[in-house]
Amino acid sequence: MKQHLNTLFVTTEGAYLAKDGQAAVVRHQKQDLLRVPLHNLDGIVCLARVGRSPYLMAACAAGGVRISFCNTHGRFQAAVIGFQPGNVLLRRQQFRVADDEPAALAIAAPMIAAKIANCRSVLLRAIRDSPSVNDVLEPITKRLAFQIDFARGSSSLDQLRGIEGDSAASYFGVFSHLMTAKDVGFSFGNRSRRPPLDPVNSLLSFLYAMLAHDARSACEAAGLDAAVGFLHRDRPGRPGLALDLMEEFRPFLVDRLVLSLINRRQLSLSDFVTTASSAVHAGAD
């Protein structure tokens, strides 16, 4: 069984990744900023203009350490991965299940039920932390409780996708009430992506991209095809299985982090920039 380890995120503009012995070294202006043994890493994510040594890339490929290159807003651009022997019998079975709707539904339905349950947990925690929002959030928590059962009992993938979309609309419809630090100026109307149109959506999209990196790495480490999912339809360039795996982790790994960063005033509106196309990104280009 593979033990999933750490992901190294490099955000320093102009940094350089090098190999020194059996370690990855992050250098900037001829100084070593960080040194991490390769056997402690699952992946490296570059979120800025970062140089890299071919010797490091070769060592990462040989050691199963995925290097992902993203732009400064977290949008995936390319990756360096080594030979993935996988298990052809496992992948053939994955493809068969993906083409068999009842079998795919049996896998996808618990994922969505877990996602809805975790969304509900986020709202219940908000009620405990701030009882004043109870009147707004309690009806949604009851609605989500019913939708958990509906998801488990879905009769088709299309019905399950509809339940997921309806629950997400209910959840994000009250998301603004979870932001208790009103004086910092953050607001949230509805979920927007490609591009995100406000700082909160920008944060959500950025962190979902980071979660996708780890989910995709986990799929490949297990010998599965990250592009062939059970809930998400096949689309060229889309890691459907990684997106499937992400669903139940989104609320408590990403949404809670976004809320904590805002409510603890660790971010301000000045940390974001709006482009000419109205897209909002973290930091300046």
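When two helix axes cross at 65 to 115 degrees, they count as roughly perpendicular, while angles under 35 degrees count as roughly parallel. Keep those two ranges in mind as we walk through this predicted model.

Start with helix 2 (residues 88–99) and helix 3, whose axes come within 5 Å and cross at roughly 100°. That angle falls in the range of 65 to 115 degrees, so helix 2 and helix 3 are roughly perpendicular to each other. On the helix 2 side, the contact is made by V97, A98 and D99, and these meet E101, A103, A104 and I107 of helix 3. Sorted by class, the residues of this contact are 5 nonpolar and 2 charged, with no polar ones.

Now follow helix 3 to another partner, helix 5. The axes of helix 3 and helix 5 come within 10 Å and cross at roughly 10°. Because angles under 35 degrees count as roughly parallel, helix 3 and helix 5 are roughly parallel to each other. Helix 3 brings a long list of residues to this contact, including L105, A108, I112 and V122, while helix 5 brings L157, L160, I163, E164, S167 and Y171. The contact of helix 3 with helix 5 divides into 13 nonpolar, 1 polar and 3 charged residues.

Is there any empty space to look for around these helices? The structure holds 1 cavity of 30 Å³ or more, and about 30 Å³ of space lies in it. Its lining is made by K115, I116, C119, E164, S167 and A168, and the elements that give two or more residues to that lining are helix 3 and helix 5. By class, the cavity lining has 3 nonpolar, 1 polar and 2 charged residues. Several of these residues may look familiar: K115, I116 and C119 of helix 3 and E164 and S167 of helix 5 also belong to the contact between the two helices.

From the cavity, turn to the largest pocket, which has a volume of about 1,700 Å³. It is lined by 48 residues, and R193, R194, Y208, L243 and R250 are the closest to its centre. Many parts of the chain come together here: strand 7 (66–70), helix 3 (101–129), helix 5 (157–173), helix 6 (199–221), helix 7 (240–246), helix 8 (250–263) and strand 10 (280–282) each supply at least two residues of the lining. Which helix gives the most to the lining of the largest pocket? Helix 6 does, with 9 residues. The lining as a whole has 22 nonpolar, 11 polar and 15 charged residues.

Finally, go back towards the start of the chain, where an open sheet of 4 strands has the order 4-3-2-6, with mixed pairing. Strand 4 (31–37) and strand 6 (51–52) stand at the edges with a single partner strand each, so one side of each is left without a neighbour in the sheet. Helix 1 (residues 54–63) packs on this sheet, touching strand 2 (16–20), strand 3 and strand 6, and its direction makes about 65° with that of strand 2. Within the sheet, strand 3 (residues 23–28) and strand 4 run antiparallel and are joined by 6 bridges. You can trace the pairing from A23, which stands opposite P37, to H28, which stands opposite Q31. Strand 3 and strand 4 form a hairpin with 2 residues between them, and Q29 in the turn has a positive phi of about 50°.

Definitions and conventions: Residues numbered from 1 in each chain as written. Predicted model: local features only at pLDDT ≥ 70, side-chain atom pairs only at ≥ 80, totals over all residues. Heavy atoms only, no water. Pairing = 2+ DSSP bridges. Contact = heavy atoms within 4.5 Å. Axes fitted to C-alpha atoms, helices over the stretch in contact; angles between N-to-C directions. 1 Å grid on protein atoms, 1.4 Å probe; cavity = no way out; pocket = protein on both sides within 12 Å on 5 of 7 lines; lining within 4 Å. Points joined across faces, edges and corners; volume = space filled by probe spheres on them. Nonpolar A, V, L, I, M, F, W, Y, C, P; charged D, E, K, R; others polar. Parallel < 35°, antiparallel > 145°, perpendicular 65-115°, else oblique.
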